[in-house]
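Open the model in a viewer and keep the sequence panel visible. The stops below are meant to be selected in order.

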Amino acid sequence: MITMLCTVFLSLTLASSVYSETNSPASPPAYTAETELGDQNRVFASRGSNVTLPCRLHRQHGMSFGSVGMRIKWTKLSADESLEEDVLVSMGFHKKSYDSFQGRVHLQEADDDDASLVLSDVSLDDVGKFRCEVIDGIDDVIHEVTLEVQGVVFPYSPRLGRYNLNFHDAEQACLDQDSVVASFDQLYEAWRSGMDWCNAGWLNDGSVQYPVTKPRGPCGGANARAGLRNYGQREKSKSHYDVFCFTSGLKGHLYWLVQPDKLTFTEAVQACQDDGAEIANVAQMYAAWKLNGYDRCDSGWLADGSVRYPISRPRRNCSPTEAAVRFVGFPDKKQKLFGVYCFKGQQ
């Protein structure tokens, strides 16, 4: 068997080097561990775009692409790499794609040695490791490549407060914000870009971790190294934490809706609708802040009933020490104390 790994070197730089919110740090449990991520090879794409996942064949024993009996199989690995999801299988003229990949994938076949996969309309669910396996007699050629969507990681906890989500609730909480549970790689890249957050949250592999750039007593100890604090794998149904969500760039724009008066939550929802938009969600605010540098020093309702405001240019009375998405809380929805952030998608 001949095994070959195909790699692509790309890097991701998030828009800001500072990441913070105003929640108080949480006290971690007795056991913490730091996790380091080695260099990995990835292909980056934008949400909704097309991307090519490379898989090059090197001929062995006279093998040529498309020969009779050759089988090409693309699969996607689960977050913990314990399961494989079929993406596309090709044998000669017979090709079949599966499930959510139907109609979105095909082989590039640029030349006799090309088994690269073209994936269209990239979604957040496509993020992860793909495996290309070519079988021809005794030859077995394997290529692996990780697909990442450019975006932003953000911490999330529900109205009930900190540490109220089991893993399945965490998945739904992110989905409700038009996002997915973040991967370890995504959290690591966010930490490298300055993310500092002392509340532990679920990742998509079932582990619970949190990023610390400024070591301090309540976050693993002042003498600990900066890094990802790792609580390890937790029981998905019984353990409760916050969650780190991941979303991509905006297909539209987030904006502050100018109104003569403050609004209740119900009035805020209606006001956005009257303006031909919808009330913005938390993920849209983080994407606008982190990726587009959106800055507004006004507290406004968001779709989950929380009130927040984004500051990319710290100044007096507006997050004076750091760029941040400031979290005011989950006030009574009947209070007429806040404005609203709306989101208008691209036509």
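The tour of this predicted model goes from a helix to salt bridges and then to disulfides.

**Stop 1: helix α1**

Select residues 167-176, which make up helix α1. Phe167, Ala170, Ala173 and Cys174 are buried there. Looking down the axis of α1, the buried residues fall within an arc of 115°, so they line one face of the helix. Now add the strands that these buried residues pack against: β11 (151-156), β12 (180-181), β13 (201-202) and β16 (242-248).

Next, go to the start of α1 and show Asn166 and His168. A side-chain oxygen of Asn166 comes to within 3.0 Å of the backbone nitrogen of His168. After α1 comes Asp178, with a positive phi near 55°.

**Stop 2: from Asp178 to Arg47**

Keep Asp178 selected and add Arg47; the two form a salt bridge, with the closest N and O atoms 2.9 Å apart. This pair links distant parts of the chain, 131 residues apart: Arg47 is in the loop between β2 (42-45) and β3 (51-53), and Asp178 is in the loop between α1 and β12. Arg47 is partly exposed at 26% relative accessibility, and Asp178 is partly exposed at 33%. Across the whole structure, a search finds 19 salt bridges.

**Stop 3: a salt-bridge network**

Select Glu81 and Lys129, whose closest N and O atoms are 3.0 Å apart in a salt bridge. Glu81 sits in the loop between β4 (71-77) and β5 (84-91), and Lys129 sits in strand β9 (residues 128-136), so the pair ties together parts 48 residues apart in sequence. Glu81 is partly exposed, with a relative accessible area of 44%; Lys129 is partly exposed too, at 22%.

Then select Glu84 and Arg131, which meet in a salt bridge at 3.1 Å, N to O. Here strand β5 holds Glu84 and strand β9 holds Arg131, so the pair ties together parts 47 residues apart in sequence. Which residues do the shared partners join into one network? Add Glu144 to the selection: salt bridges that share partners join Glu81, Glu84, Lys129, Arg131 and Glu144.

**Stop 4: disulfides**

How many disulfides does a search of the whole structure find? The search finds five. With the bonded cysteines numbered in sequence order, the pairing is 1-2, 3-6, 4-5, 7-10, 8-9.

Select Cys55 and Cys132, joined by a disulfide with an S to S distance of 2.2 Å. The link is left-handed, with -70° about the S-S bond. Cys55 is in the loop between β3 and β4 and Cys132 is in strand β9, 77 residues apart. Cys55 is buried at 0% relative accessible area, and Cys132 is buried at 0%.

Move to Cys272 and Cys342, where the S to S distance of the disulfide is 2.0 Å. The torsion about this S-S bond is about -85°, so the disulfide is left-handed. The pair links helix α3 (residues 265-274), which holds Cys272, to strand β22 (residues 339-345), which holds Cys342. Cys272 is buried at 0%, as is Cys342 at 0%.

Finish with Cys297 and Cys318, whose sulfur atoms are 1.9 Å apart in a disulfide. This link is left-handed, with -100° about the S-S bond. Are these cysteines buried or partly exposed? Cys297 is partly exposed at 29%, whereas Cys318 is buried at 8%.

Terms used. Residues are numbered from 1 along each chain as its sequence is written. This is a predicted model: local features need pLDDT of at least 70, side-chain atom pairs count only at pLDDT 80 or more; totals for chains, interfaces and linings use all residues. Side-chain values use heavy atoms; hydrogens and water are left out. Buried means under 20% relative accessible area, exposed over 50%, partly exposed in between (1.4 Å probe, protein chains only). Helices (H or I, at least four residues) and strands (E, at least two) are DSSP runs, numbered from the N terminus. The arc is that of the directions from the helix axis to the C-beta atoms. Contact means heavy atoms within 4.5 Å. A polar contact is a pair of N or O atoms within 3.5 Å; within protein, one must be able to donate a hydrogen and the other to accept it, and residues adjacent in sequence count only if both atoms are side-chain atoms. A salt bridge is a side-chain nitrogen of Lys or Arg within 4 Å of a carboxyl oxygen of Asp or Glu. A disulfide is a pair of cysteine sulfur atoms within 2.5 Å.
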